[in-house]
Amino acid sequence: MGTVALKIDDSVSEKFMWFLSHFDKSEVEVLDDNFLQNKQYLTKELADLESGNSQMVSEEDFWNSTEETLKKYDN
């Protein structure tokens, strides 16, 4: 399925969305720009994780590390 980006004037936005709602989801899916940007970012992050170019740490380990770093500068 192809993707098309459109700029729609606010004065016709509601009518245009009404028109699109008459298509089946398998024919037309409405995606906003944020969705496309997030998808691109998450796809890259997933590829980095799968290739070993990224490392995950638990929240607890993150905060412990942060606290240790702050202690070094706490004089």
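**Briefing: helices, salt bridges and the largest pocket**

Helix α2 has 19 residues, which at 1.5 Å a residue should span 27 Å; the C-alpha atoms at its ends lie 27 Å apart, in agreement. The model is a predicted one. It holds 2 salt bridges. The largest pocket encloses about 670 Å³ of space.

**Helix α2 and what follows**

- Helix α2 covers residues 33-51.
- Gly-52 comes just after α2 and has a positive phi of about 85 degrees.
- Ser-54 sits in the loop between α2 and α3.
- Helix α3 covers residues 59-73.

**Salt bridge in α2: Asp-48 and Lys-44**

- Asp-48 belongs to helix α2.
- Asp-48 pairs with Lys-44 in a salt bridge, with 2.9 Å between the closest N and O atoms.
- That distance falls within the 4 Å cut-off for a salt bridge.
- The two residues are 4 places apart in helix α2, so about one helical turn separates Asp-48 from Lys-44.
- An α-helix has 3.6 residues a turn, so residues three or four places apart point the same way.
- Asp-48 counts as buried because its relative accessible area is 17%, and buried means under 20%.

**Contacts between α2 and the loop**

- Beyond its neighbours within four places in sequence, Asp-48 contacts Asn-53 and Ser-54.
- Ser-54 in turn touches Asp-48 and Leu-49, again leaving out residues up to four places away in sequence.
- Ser-54 is partly exposed, at 30% relative accessibility.

**Salt bridge in α3: Glu-68 and Lys-71**

- Glu-68 forms a salt bridge with Lys-71, and the closest N and O atoms are 3.7 Å apart.
- This pair lies 3 residues apart in helix α3, so the separation of Glu-68 and Lys-71 is about one helical turn.
- Glu-68 is partly exposed, with 46% relative accessibility.
- Lys-71 is exposed, because its relative accessible area is 54% and the cut-off for exposed is over 50%.

**Largest pocket**

- What lines the largest pocket? A set of 22 residues does.
- Val-4, Ala-5, Glu-29, Val-30 and Leu-31 are the lining residues nearest the pocket centre.
- Two elements, α1 (10-20) and α2 (33-51), each give two or more residues to this lining.
- By type, the lining of the largest pocket has 13 nonpolar, 3 polar and 6 charged residues.
- Rolling a probe the size of a water molecule over the atoms shows where empty space is left.

**To take away**

- Helix α2 carries the Asp-48 to Lys-44 salt bridge and also contributes to the lining of the largest pocket.
- Helix α3 carries the Glu-68 to Lys-71 salt bridge.
- Asp-48 is buried at 17% relative accessibility, whereas Lys-71 is exposed at 54%.

Notes
Residues are numbered from 1 along each chain as its sequence is written. This is a predicted model: local features need pLDDT of at least 70, side-chain atom pairs count only at pLDDT 80 or more; totals for chains, interfaces and linings use all residues. Side-chain values use heavy atoms; hydrogens and water are left out. On a 1 Å grid over the protein atoms alone, a cavity is a set of points where a 1.4 Å probe fits but cannot get out, and a pocket is an open set with protein on both sides within 12 Å along at least five of seven lines; lining residues have an atom within 4 Å of a point. Grid points are joined across faces, edges and corners, and a volume is the space filled by probe spheres set on the points. Ala, Val, Leu, Ile, Met, Phe, Trp, Tyr, Cys and Pro count as nonpolar, Asp, Glu, Lys and Arg as charged, and the others, Gly among them, as polar. The expected span of a helix is 1.5 Å times one less than its number of residues. A salt bridge is a side-chain nitrogen of Lys or Arg within 4 Å of a carboxyl oxygen of Asp or Glu. Buried means under 20% relative accessible area, exposed over 50%, partly exposed in between (1.4 Å probe, protein chains only). Contact means heavy atoms within 4.5 Å.
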